[in-house]
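Reader: Hey, could you walk me through this one? I'm new to looking at structures.
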Amino acid sequence: MTRPDSTSPAWDDRLLENPHAVTDKRARVQKMFAAIAPSYDMNNRVHSFWQDERWRRKAVEYAEVASNDRIIDVACGTGDLTLWFAHQIGLKRIGAKPDPAQIFGIDFTYEMLPIARAKWARLAANWDEDQPVDDDPQPSDLPFINGDAQILPFPDAFCDVVSIAFGIRNVADPMMAIREFHRVLRRGGRLIILEFSLPTNRILRGMYNFYFRQILPRTATLISGDKTGAYKYLPESVNTFIGREQMIGMMRDAGFERVEQFPLTFGVCVCYRGIKV
Ligand SMILES: C[S@@+](CC[C@H](N)C(=O)[O-])C[C@H]1O[C@@H](n2cnc3c(N)ncnc32)[C@H](O)[C@@H]1O
């Protein structure tokens, strides 16, 4: 497999005027995430002031998981949301590790997956310490798969929850992915989308955009040593992405019902939930 070259820019100022309209967005997004994978978690924590963990926990809460639910976390990256789901299922199963066939993380950037797998292995080891259980996931059991949100490698009506955190904005064709999420969900299944948004208050939005466009790209690039332009892409991809009402419209058009939005931290982040009825 040829890996994208991660040492040259994926984005320039012209492409960033509207990165969603770029024809080879998929390849550029993949190249950028391959480059920043090793420092991705650190940058997330620091630049969200550790709010990203709270947002993922909230997303898991809104998913209302039951102990036997099957979950697919799409665009899982380094696996943080996937592991929150595993943790939640573990609690519901009163300390027992989730069945590895119950939770899947899927991402099209191969470089993210070893990081996610290592975290899962650490979590599984801690489980063993606290609560010895019979099933002991081997590395081959680890539920992180290399694949595309737009063509999920799962049958129809396969799972109870599909989640995607900070991923839908990066997908080349979000509508195609949302239809795919609908296909793999069972009736009663929940789609959870966590995504950046902009505060609706004008003053807050101005302050946020100053931080997001002027400060974060510099400090995050410094931390990651990134040369692809990933942290210039981040604010521009949020500012040019569809708004909240359009996101809700897309979910409804794909067949989801009872679609709701839950703004978090002044609306910097929004959790959307839709049900397949
Ligand atoms: C901002 S990261 C989010 C990672 C993780 N969900 C989190 O909460 O930190 C976006 C991820 O989306 C993945 N991605 C983008 N487009 C994708 C697609 N079409 N299929 C699968 N993964 C995709 C990228 O590879 C990247 O790992």
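Author: Sure, we'll go from the whole chain to a pocket and then to a single residue. Keep in mind that this is a predicted model.

Reader: Cool. How many helices and strands are there in the protein?
Author: The protein has 9 helices and 7 strands. Of its 277 residues, 55% are buried.

Reader: And what's on the outside?
Author: About 12800 Å² is exposed, and carbon and sulfur atoms supply 54% of that.

Reader: Switching topic: what lines the second largest pocket?
Author: The lining includes Arg45, Trp84, His87 and Asn126. By class, the lining has 6 charged, 3 nonpolar and 2 polar residues. The space in this pocket comes to about 260 Å³.

Reader: Which helices supply at least two residues of that lining?
Author: Three do: α3 (51-63), α4 (80-92) and α5 (113-130).

Reader: OK, now threonine 109. Where does it lie?
Author: Threonine 109 is in the loop between β2 (103-107) and α5.

Reader: Is threonine 109 buried or exposed there?
Author: Buried, because its relative accessibility is 1%, and the cut-off for buried is under 20%.

Reader: What is it in contact with, leaving aside neighbours within four places in sequence?
Author: Threonine 109 then has contacts with Gln30, Phe33, Ala34 and Asn146.

Reader: And how far is threonine 78 from it?
Author: Their C-alpha atoms are separated by 10.0 Å, with the two threonines 31 residues apart along the chain.

Reader: What about contacts across the protein?
Author: Counting contacts with a separation of 6 or more, 75% are between residues 24 or more positions apart.

How values were computed
Residues are numbered from 1 along each chain as its sequence is written. This is a predicted model: local features need pLDDT of at least 70, side-chain atom pairs count only at pLDDT 80 or more; totals for chains, interfaces and linings use all residues. Side-chain values use heavy atoms; hydrogens and water are left out. Helices (H or I, at least four residues) and strands (E, at least two) are DSSP runs, numbered from the N terminus. Buried means under 20% relative accessible area, exposed over 50%, partly exposed in between (1.4 Å probe, protein chains only). Contact means heavy atoms within 4.5 Å. Accessible areas come from the Shrake-Rupley method with a 1.4 Å probe; for residues, only the protein chains shown count as cover. On a 1 Å grid over the protein atoms alone, a cavity is a set of points where a 1.4 Å probe fits but cannot get out, and a pocket is an open set with protein on both sides within 12 Å along at least five of seven lines; lining residues have an atom within 4 Å of a point. Grid points are joined across faces, edges and corners, and a volume is the space filled by probe spheres set on the points. Ala, Val, Leu, Ile, Met, Phe, Trp, Tyr, Cys and Pro count as nonpolar, Asp, Glu, Lys and Arg as charged, and the others, Gly among them, as polar.
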